[in-house]
Amino acid sequence: MITVRHGNERGMTKIGWLDSYHTFSFNRYYDPNHMGFHHLRVINEDTVAPGAGFGTHGHTDMEIVTYVLDGELAHKDSTSSEGATIRPGEVQRMTAGTGIRHSEFNASQTEPVYFFQIWIMPEGNGLKPGYEQKYFSPEDRADRLVLVASRDGRDGALKIHQDVDVSVARVSAGKSLDVSLPAGRHGWVQTASNYGGVTVNGVALTPGDAAAITGETVVSIAATDADAEIIFFDTAEAA
């Protein structure tokens with residue numbers, strides 16, 4: 001079964017320096033029908049104006065994954081006195097655990113930064129806070145899913161504390177890729193608004209749409225008339 005989450009039905013925060021689309025309930029946006037998907041809790045698609053950003057704030061007991069598509073995001077957190085810049089193709093994992101404070105700002109004074117921030121419910125509370133970041137090249141992501149985060153950190157992925165595999169791909173117009181979804185697992189395909197649309201097992205998604213996938217053993221994702229940027233989640237069923 002494939003259930004479409006239309007991008008134009010998401011919640012939105014729009015202020016002077018930020019456009020943020022909320023796939024699931026977040027901050028002032030609340031929809032009891034969209035509280036998450038199994039272990040996925042937040043998928044926010046953000047565009048931040050030059051020089052602006054999120055000031056220092058705190059989180060606990062959450063796995064936070066950030067994926068930058070365009071521009072540069074300057075990150076600082078309480079696990080280190082040094083900051084980091086997240087650039088296109090880079091993925092960051094932050095374990096909030098017992099408590100972490102962090103900030104994110106657009107590193108450019110002239111160009112916007114466009115990225116996804118994802119929250120995953122951890123398999124346990126009270127974890128030690130941590131941070132990890134890795135680059136995945138365009139060649140890695142071209143017309144195939146590359147694993148960027150997983151519980152076991154296999155194949156060079158970042159390690160998260162939950163049974164969720166996070167993969168990304170840039171699918172060329174007219175190209176397709178297939179992924180297996182084992183029995184008892186659930187899939188979520190998220191498309192990026194600034195790129196092209198796809199079909200998922202023949203079901204059309206326009207840019208910004210997503211699809212929840214249950215009971216399908218093979219998922220075929222095909223880009224339509226433009227290159228598509230996708231994030232694919234393979235998650236265990238939440239208890």
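# Pockets and salt bridges in a predicted model

User: What is the volume of the largest pocket?

Analyst: This is a predicted model, where local features need pLDDT of at least 70, side-chain atom pairs count only at pLDDT 80 or more, and totals for chains, interfaces and linings use all residues. Residues are numbered from 1 along each chain as its sequence is written, and side-chain values use heavy atoms, without hydrogens and water. A pocket is an open set of points on a 1 Å grid over the protein atoms alone, where a 1.4 Å probe fits, with protein on both sides within 12 Å along at least five of seven lines. Volume is the space filled by probe spheres set on the points, and for the largest pocket the value is about 290 Å³.

User: Which residues lining the largest pocket are the closest to its centre?

Analyst: Lining residues have an atom within 4 Å of a point. The largest pocket has 19 of them, and the closest to its centre are L18, F26, N27, N44 and F54.

User: How many residues lining the second largest pocket are charged?

Analyst: The second largest pocket has a volume of about 150 Å³. Its lining includes R154, D155, D165 and D234. Asp, Glu, Lys and Arg count as charged. The lining divides into five nonpolar, two polar and, as asked, charged residues numbering four.

User: Is S167, in strand β15, buried or exposed?

Analyst: S167 also lines the second largest pocket. Strands are DSSP runs of E, at least two residues, numbered from the N terminus. Buried means under 20% relative accessible area, exposed over 50%, partly exposed in between (1.4 Å probe, protein chains only). S167 has 11%, so the residue is buried.

User: How far apart are the closest N and O atoms of R93 and E132?

Analyst: A salt bridge is a side-chain nitrogen of Lys or Arg within 4 Å of a carboxyl oxygen of Asp or Glu. R93 in strand β9 and E132 in strand β12 form such a pair, 39 residues apart in the chain. R93 is buried at 10% relative accessibility, whereas E132 is partly exposed at 26%. Their closest N and O atoms are apart by 3.0 Å.

User: Which residues are linked with D163 in a network of salt bridges?

Analyst: D163 pairs with R151, the closest N and O atoms being 3.9 Å apart. D163 also meets R185 at 2.9 Å, N to O. R185 lies in strand β17, and D163 in the loop between β14 and β15. The network links D163 with E123, R151, R185 and D234.

Conventions:
Helices (H or I, at least four residues) and strands (E, at least two) are DSSP runs, numbered from the N terminus.
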